[in-house]
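Please open the structure in a viewer and keep the sequence panel at hand. The tour below proceeds by selections, each followed by a description of what is found there.

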Amino acid sequence: MAYVLLYLACMIVCYFVASKLRNHREILSKIINVVTLASVFMLVLMMGMRMGSNEEIIASLGTIGLQAFIFTIVVVIGGVFSVMAARKLLGIDKFGRLKAQAKGQTNDEIAESEAEADTEEGGGSAALMTWLIIIAVVLGLLFGYFYLRVNVADIDGFNDKVGNVMTLGLCIMIGSIGFDMGLSGTVIAQVKHIGFRVLIFPAAVIVGTAVSSVIVSFFLPLSVRECIAIGFGFGWYTFAPVAISSAGYVMAGAVSFMHNVFRETFGIILLPILAKKIGYIEACSLPGVAAGDMGLSLVEKALRPDIVVYSFAIGMSESILIPLLVTMAIGA
């Protein structure tokens, strides 16, 4: 909870400061863009380093990895369809905007303007961000596996220090996102339009995850209870696997660990690639809890600043609820 408040404070303060500097938007936007890209690269690099140096990840490959991969595909698809249903029910279009008729525009006009925005600005940022993430993940995994795992004696202590650096990096990245949103000035207007309906989407992800977890339990050698607990990890691989394993479900804990690693890593990489195919808000559900921190920069740069509202709501709601949902599901 403390981290949620910290990140939220960074975003709000930077948003307020930037809102007073909109006359210098052109120059400041370029600076913030560089800061955001650099912070994302370093954060994903460190995430890869921690994963590559972790013996549990290396030991969990093979059969457990295959089960976790299948689980991830099914659960993510379930969450996406659930969010899509909620979006359509609330009258929000594929691009995260209220229905075109409410603005006096046709759907074709909205699609055309969205395509122009992609060509002028979003497409290049999305491609650059995607490549930076892929390169950072690969470099981090290789460095963690071939160097850190072999040469660092106290790997847990090292990872704790890296975790502290990542927290600082997240504050910088989220602050830069808040600053950019403050310069654009579109987020507040979007919140006024959507209101408390934004909270429907975290609920939709939870429902979709629960249903798809029950479905996947028929295909994997895991009980319904174990599968629901695994699904409710939402990419938080430092909490859910430990909670499940400590409750006596060792195999489920191993699958949970790999599933959460897959969800966070693939979700971050695929978010800017799939957003325009499956929907902007649906894409925000892909990385799980990372939608509330590292995923924010992807949403802000590859999509639109106002979509950050949905991403933050989904990611932070999951972060708050995971300890309760996982422990209730596993019966701990």
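Where is the place of Asp-93? In this predicted model, Asp-93 belongs to the loop between α4 and α5 (107-151).

**First selection: Asp-93**

Select Asp-93 and display its side chain. Asp-93 is buried but has no salt bridge. The nearest side chain of opposite charge is that of Arg-97, 5.9 Å away. What does the side chain of Asp-93 reach at 2.9 Å? It is the backbone nitrogen of Phe-95.

**Second selection: the whole chain**

Zoom out to the full chain. Its secondary structure consists of 14 helices and zero strands. Of its 332 residues, 55% count as buried. Among contacts between residues at least 6 apart in sequence, 80% join residues at least 24 apart.

Next, colour the chain by pLDDT. The average over the chain is 80, and 84% of the residues score at least 70. Over residues 115-122, pLDDT stays under 50. For that stretch the model has seven contacts beyond four places in sequence.

**Third selection: helix α4**

Select residues 63-89, which form helix α4. What span should its 27 residues have at 1.5 Å a residue? The expected span is 39 Å, and the end C-alpha atoms are 40 Å apart, which agrees. Just after α4, select Gly-91, which takes a positive phi of about 75 degrees.

**Fourth selection: Arg-87 and Glu-282**

How many salt bridges does the structure hold? It holds one. To see it, select Arg-87 and Glu-282, whose side chains meet at 2.7 Å, N to O. This pair links distant parts of the chain: Arg-87 is in helix α4 and Glu-282 in helix α12 (residues 280-284), 195 residues apart.

Are the two partners buried or exposed? Glu-282 has a relative accessible area of 0% and is therefore buried, since the cut-off is under 20%. Arg-87 likewise counts as buried, at 6% relative accessibility.

**Fifth selection: helix α6**

Select residues 155-184, helix α6. This helix has 30 residues and reaches 42 Å from its first C-alpha to its last, close to the 44 Å expected at 1.5 Å a residue. Why is α6 described as largely enclosed by the rest of the structure? The reason is that 22 of its 30 residues are buried.

**Sixth selection: Leu-43**

Select Leu-43, which lies in helix α2 (residues 25-52). At 1% relative accessibility, Leu-43 counts as buried. Which residues does Leu-43 touch, not counting those up to four places away in sequence? They are Met-166, Gly-169, Leu-170, Met-173 and Met-294. Now add Ile-133 to the selection. Leu-43 and Ile-133 are 90 residues apart along the chain, and their C-alpha atoms are separated by 9.4 Å.

**Final selection: Ile-215**

Select Ile-215, found in helix α8 (residues 200-216). Its relative accessible area is 43%, so Ile-215 is partly exposed, a term for values between 20% and 50%. To end the tour, add Gly-78 to the selection. Ile-215 and Gly-78 are 137 residues apart in sequence, and the distance between them in space is 9.6 Å, C-alpha to C-alpha.

Definitions and conventions. Residues numbered from 1 in each chain as written. Heavy atoms only, no water. Helix = DSSP H or I, 4+ residues; strand = E, 2+ residues; numbered from the N terminus. Expected span 1.5 Å × (residues − 1). pLDDT = per-residue confidence, 0-100. Contact = heavy atoms within 4.5 Å. Buried < 20%, exposed > 50% of the residue type's maximum accessible area, 1.4 Å probe, protein only. Lys, Arg positive; Asp, Glu negative; His and termini not counted. Salt bridge = Lys/Arg side-chain N within 4 Å of Asp/Glu carboxyl O. Polar contact = N/O pair within 3.5 Å; in protein donor to acceptor, adjacent residues only side chain to side chain.
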